[in-house]
Amino acid sequence: MTAIPFDTHKFIRTIKDSGIPENQAEAIAEAFKTAQVEADPATKAEVAEHESNLQHVLRETELRLEARIAEAKADLTRWVIGAGILQTSIIIGVLLKVAKLV
């Protein structure tokens, strides 16, 4: 990640103008600069890149999920049709037996 430019002198001048002694202003500026570097903030471009990657992954996941749902629907349809045919066959067999045609 890229470092954000930091104007130490301007920061120290601003702190000194508020009434803080120069040595304390320098210590505050150094601590702030160190914290800023350690924080390793992301740039707008990096955030946009990660967002784009996440959108791509999300779309791929949606497509896989849609495919699995379609597959589950097809399986369910096959089972329902099979159960319907079996049930119809049993009913016809029972009716034929009751009518003593078999």
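Biologist: In this predicted model, why is F11 called partly exposed?

Modeller: The relative accessibility of F11 is 24%, and since buried means under 20% and exposed means over 50%, with partly exposed in between, F11 counts as partly exposed.

Biologist: What makes F32 partly exposed?

Modeller: With a relative accessibility of 40%, F32 is set against the limits of 20% and 50%, and because its value lies in between, F32 counts as partly exposed as well.

Biologist: How do you know that F11 and F32 form an aromatic pair, and why is this pair called stacked?

Modeller: The ring centres of F11 and F32 are 5.0 Å apart, where a pair requires centres within 6.5 Å, and the planes of the two rings are 15° apart, where planes under 30 degrees apart count as stacked; the pair is therefore stacked. By this rule the count comes to one aromatic pair.

Biologist: What makes this pair a link between distant parts of the chain?

Modeller: F11 belongs to helix α1 and F32 to helix α2, and the two residues are 21 residues apart.

Biologist: Why are α1 and α2 called oblique to each other?

Modeller: Helix α1, residues 8-17, packs against helix α2, residues 22-39, at an angle of about 135°, with the axes 9 Å apart. Angles over 145 degrees would count as roughly antiparallel and those from 65 to 115 as roughly perpendicular, and because about 135° falls in neither range, the two helices are oblique. Their crossing is right-handed.

Biologist: Which residues of α1 and α2 meet?

Modeller: On the α1 side these are T8, F11, I12, I15 and K16, and on the α2 side E22, A25, E26, I28, A29, F32 and K33. The residues of this contact divide into seven nonpolar, one polar and four charged.

Biologist: What makes E30, a residue of helix α2, partly exposed?

Modeller: The relative accessible area of E30 is 47%, and because exposed means over 50% and buried means under 20%, E30 is partly exposed. Between E30 and I12 there are 9.4 Å in space, C-alpha to C-alpha, at a separation of 18 residues in sequence.

Biologist: How do you know that K100, in the segment after α3 (44-98), is exposed?

Modeller: K100 has a relative accessible area of 71%, and since exposed means over 50%, K100 is exposed. K100 and D7 lie 102 Å apart in space, C-alpha to C-alpha, and 93 residues apart in sequence.

Methods: Residues are numbered from 1 along each chain as its sequence is written. This is a predicted model: local features need pLDDT of at least 70, side-chain atom pairs count only at pLDDT 80 or more; totals for chains, interfaces and linings use all residues. Side-chain values use heavy atoms; hydrogens and water are left out. Axes are lines fitted to C-alpha atoms, for helices over the stretch in contact, and angles run from 0 to 180 degrees between N-to-C directions. Helices (H or I, at least four residues) and strands (E, at least two) are DSSP runs, numbered from the N terminus. Angles under 35 degrees count as roughly parallel, over 145 as roughly antiparallel, 65 to 115 as roughly perpendicular and the rest as oblique. A crossing is left-handed if the near helix is turned anticlockwise from the far one by less than a right angle, and right-handed if clockwise. Contact means heavy atoms within 4.5 Å. Ala, Val, Leu, Ile, Met, Phe, Trp, Tyr, Cys and Pro count as nonpolar, Asp, Glu, Lys and Arg as charged, and the others, Gly among them, as polar. Rings of Phe, Tyr and Trp (its six-membered ring) pair if their centres lie within 6.5 Å; planes under 30 degrees apart count as stacked, over 60 as edge-to-face and the rest as tilted. Buried means under 20% relative accessible area, exposed over 50%, partly exposed in between (1.4 Å probe, protein chains only).
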